[in-house]
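Student: I have a model open and would like to go through its pockets and one of its sheets. Could you help me check each label against its definition?

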Amino acid sequence: EDWQIDFFLPGATQTLTLAQGFNTLTFLGATGTAVADFVDSLGGGVTRVFRFNADTQGYDSFQVGAPAFLNSMTSLQQGDALFLDSTSAATVDQLDALVGGVTQTIALHEGWNLVSYTGVSGAIVDIFADVDSLSAAFVFDATTQSWLSYRVGQPAFLSQITELQRLQPVFLNLDSAATWTLVS
């Protein structure tokens, strides 16, 4: 009768294998985490971290060992889509503690946007069906160190991807600003 039970029901663990070279990753840690602490948690192979800034159409960055004034990125937000440059292969485990079943509206800029897809894995044509100004979507393949594309309204042979996976960072090119509504 006087019992109090505290418990946490964790989500699935996301296991990502980082290749030597560039990789993309959705940051699932706590908002406000120092980039240096996140990089340290990865075991030493990651030397640079990049986050695309749609407002400036450029990158914010962090480089291990660089003077602080050269690093334009000092902390992370949960859900950030990141590029990591790694000198060695490594395995990264992150707890997917993002709340499911929540409708999320993302403001997309005209031009380029790098976002993390937090919805259910599925057909890319369905995932972006309501983003009228989308001209193309790209995901990075760390194994081949190349971009794979989905070209809206173009013949299928021009697209190398047909599905988007949960927590996969995706680069979007839009002809005009739009909103993207998805359920995580």
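Tutor: Happily, and keep in mind that this is a predicted model. Let's begin with the classes of residue in the pocket lining.

Student: How many residues of each class does the lining of the largest pocket have?

Tutor: Ten are nonpolar, ten are polar and four are charged. Gly counts as polar under this scheme, a point to remember when you look at the centre. Among the 24 lining residues, those closest to the centre of the largest pocket are Gly79, Asp80, Ala81, Leu114 and Val115. Because Ala, Leu and Val count as nonpolar, Asp as charged and Gly as polar, each class appears in that central group.

Student: Which strand gives the most to the lining of the largest pocket?

Tutor: That is S10, with four residues. Strand S10 (111–117), strand S4 (46–53) and strand S9 (103–108) are the elements that give two or more residues to this lining. The space in the largest pocket comes to about 610 Å³.

Student: What is the volume of the second largest pocket, and which residues are the closest to its centre?

Tutor: The volume is about 280 Å³. Leu16, Thr24, Phe140, Gln168 and Pro169 are the closest to the centre, out of 19 lining residues. S1 gives the most to this lining, with five residues, and strand S2 (21–26) is one of the elements that supply at least two. By class, the lining of the second largest pocket has eight nonpolar, nine polar and two charged residues.

Student: Why is S2 described as largely enclosed?

Tutor: Buried means under 20% relative accessible area. Five of the six residues of S2 meet that cut-off, so the rest of the structure largely encloses the strand.

Student: What makes S2 and S7 a pair?

Tutor: Pairing needs at least two bridges between the strands. S2 and S7 are joined by six and run antiparallel, so they count as a pair. One of the contacts is Gly21, whose bridge partner in S7 is Ser86. S4 and strand S7 (residues 81–86) also pair, through four bridges in the antiparallel sense, and Phe50 stands opposite Phe83 in S7.

Student: Why are S2 and S5 called edge strands?

Tutor: The open sheet has four strands in the order S2-S7-S4-S5, with antiparallel pairing. S2 and strand S5 (58–63) each have a single partner strand, so one side of each has no neighbour in the sheet. From one strand to the next, the twist averages 25°.

Key
Residues are numbered from 1 along each chain as its sequence is written. This is a predicted model: local features need pLDDT of at least 70, side-chain atom pairs count only at pLDDT 80 or more; totals for chains, interfaces and linings use all residues. Side-chain values use heavy atoms; hydrogens and water are left out. On a 1 Å grid over the protein atoms alone, a cavity is a set of points where a 1.4 Å probe fits but cannot get out, and a pocket is an open set with protein on both sides within 12 Å along at least five of seven lines; lining residues have an atom within 4 Å of a point. Grid points are joined across faces, edges and corners, and a volume is the space filled by probe spheres set on the points. Axes are lines fitted to C-alpha atoms, for helices over the stretch in contact, and angles run from 0 to 180 degrees between N-to-C directions. Buried means under 20% relative accessible area, exposed over 50%, partly exposed in between (1.4 Å probe, protein chains only).
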